[in-house]
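The exercises below are meant to be worked through with the sequence and the 3D structure side by side. Try each task before reading the solution that follows.

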Amino acid sequence: MLKETPPSDRLVLGARDVRFDWSDLPRHWVPDEPLATHLMNVLHLLLPAGERWFVAVFQQALPLITDEELRRDVLGFIGQEALHARAHQEVLDHYTAQGLDCRPFTDQMEWFFSVLLGDRPRLRGRAESEWLVSRLAIIAAIEHITAFMGDWILNAEGLDRAGCDPTMLDLLRWHGAEEVEHRSVAFDLYRHVDGRHLRRIEAMVLVAPMLFVLWRKGVRFLYSIDGELAGRPLPRVRDVRGPASRGVTPALSHLGRKVLRYFSRSYHPSMEGDTDQAVAYLAASPAARAAEGRAAEGRAA
């Protein structure tokens, strides 16, 4: 029997109109840790195009939803993901203004999501439906990864000890908290419209290596355009052990174990992260609190 989302995790998901000031962001915002900085900067390369794609696919799935609670969750997810894409795009815009032109990489990501994984107008009938279901399965697999990464960033005390730029850390933890907050939505939507276990597994078999390759490529790209790293060798996979041992990036072994959890028939996203912790961070986040203040002013006006 498929596990249902626990009642304690049933939140009214809402988009928080957060804003960040990047004017004082240092190039290597994890001090003395360029590899850790760029490992996490890959998020900015991947997420704007990827999350806009999530939104487009979920909007196509809305007519298939017959459960009103799930529909509410999906609409909340769409709103949150749209603002995630905007926030990470603003980081990219800042980097471009500072001479780090990320467009050669992000243009490839736009093609990857909008063309390779985009709509296929020639498909009709069952083939069109199957393509939508396949993409929902891919999103559910990606959202499993973003959920455990969100949980990791909320608990990454090594980043606090390292003296990370507080604005970037707030962005990552705000985003991570919302990933934990809505971690069940993509899985529950996939289960609602299809739910085949084999297809779910096939999606993760595709997604996990794909993200590994894109992440490695993204880090090496960022090193290649970072003038402060000129002359340094491009990082290798085994070089991640150093920052992981200092707690400023997750260990590859940790990521591998988390991915494998997805293959269990009894898996449900509620197994990842802590809703109460996520909500508590969102209540304390400087950006989220400022967004709530602006919203309150707007309601009072």
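**Exercise 1. Describe the order of secondary structure elements along the sequence, and say how many helices and strands there are.**

Solution. Keep in mind from the start that this is a predicted model. Reading along the sequence, one finds the pattern α-α-α-α-α-α-α-α-α-α-α-α. Counting the elements then gives 12 helices and 0 strands.

**Exercise 2. Work out how the radius of gyration of the protein relates to that of a compact globule with 301 residues.**

Solution. The step that needs a rule is the expected value, which is 2.2 Å times the number of residues to the power 0.38. For 301 residues this puts a compact globule near 19 Å, and the protein has 19 Å, so the value agrees with the rule. Along the principal axes, the C-alpha atoms fill a box of roughly 55 × 45 × 35 Å. As for the interior, 51% of the 301 residues count as buried. Turning to contacts, and taking those between residues at least 6 apart in sequence, 84% join residues at least 24 apart.

**Exercise 3. Characterise the exposed surface and the charged side chains of the protein.**

Solution. The protein exposes about 14,200 Å², and carbon and sulfur atoms supply 56% of that area. Its charged side chains comprise 37 positive and 41 negative ones, and the centres of these two sets lie 7 Å apart.

**Exercise 4. Decide whether Asp32 and Thr66 are buried or exposed, and place each of them along the chain.**

Solution. The cut-off needed here is that exposed means over 50% relative accessible area. Asp32, found in the segment before α1 (34–61), has 78% relative accessibility and therefore counts as exposed. The backbone of Asp32 deserves a second look, since this residue has a positive phi of about 60 degrees although it is not a glycine. Thr66 lies in the loop between α1 and α2 (68–97), and with a relative accessible area of 67% Thr66 is exposed as well. To set Thr66 against another part of the chain, take Ala147, which is 81 residues away in sequence, and note that the C-alpha atoms of the two are separated by 25 Å.

**Exercise 5. Examine the salt bridges Glu69–Arg72, Asp101–Arg103 and Glu130–Arg196, and find how far apart the nitrogen and oxygen atoms are in each.**

Solution. A search of the whole structure finds 24 salt bridges, and these three pairs can be taken in turn.

- Glu69 and Arg72 meet through their side chains at 3.9 Å, N to O. Because they are 3 residues apart in helix α2, about one helical turn separates them. Glu69 is partly exposed at 35% relative accessible area, and Arg72 is partly exposed at 32%.
- Asp101 and Arg103 form a salt bridge whose closest N and O atoms are 2.8 Å apart. Asp101, at 30% relative accessibility, counts as partly exposed, and so does Arg103 at 48%.
- Glu130 and Arg196 meet at 3.2 Å, N to O. This pair links distant parts of the chain, with Glu130 in helix α4 (residues 125–154) and Arg196, 66 residues apart from it, in the loop between α7 (185–193) and α8 (197–225). Arg196 is partly exposed, with a relative accessible area of 36%.

**Exercise 6. Which residues are linked with Glu130 and Arg196 in a network of salt bridges?**

Solution. Starting from Glu130 and Arg196, whose side chains meet in a salt bridge, one extends the search to a network that also includes Arg126, Asp194 and Arg199.

Conventions. Residues are numbered from 1 along each chain as its sequence is written. This is a predicted model: local features need pLDDT of at least 70, side-chain atom pairs count only at pLDDT 80 or more; totals for chains, interfaces and linings use all residues. Side-chain values use heavy atoms; hydrogens and water are left out. Helices (H or I, at least four residues) and strands (E, at least two) are DSSP runs, numbered from the N terminus. Buried means under 20% relative accessible area, exposed over 50%, partly exposed in between (1.4 Å probe, protein chains only). Contact means heavy atoms within 4.5 Å. Accessible areas come from the Shrake-Rupley method with a 1.4 Å probe; for residues, only the protein chains shown count as cover. Lys and Arg count as positive and Asp and Glu as negative; His and the chain ends are not counted. The place of a charge is taken as NZ of Lys, CZ of Arg, CG of Asp or CD of Glu. A salt bridge is a side-chain nitrogen of Lys or Arg within 4 Å of a carboxyl oxygen of Asp or Glu.
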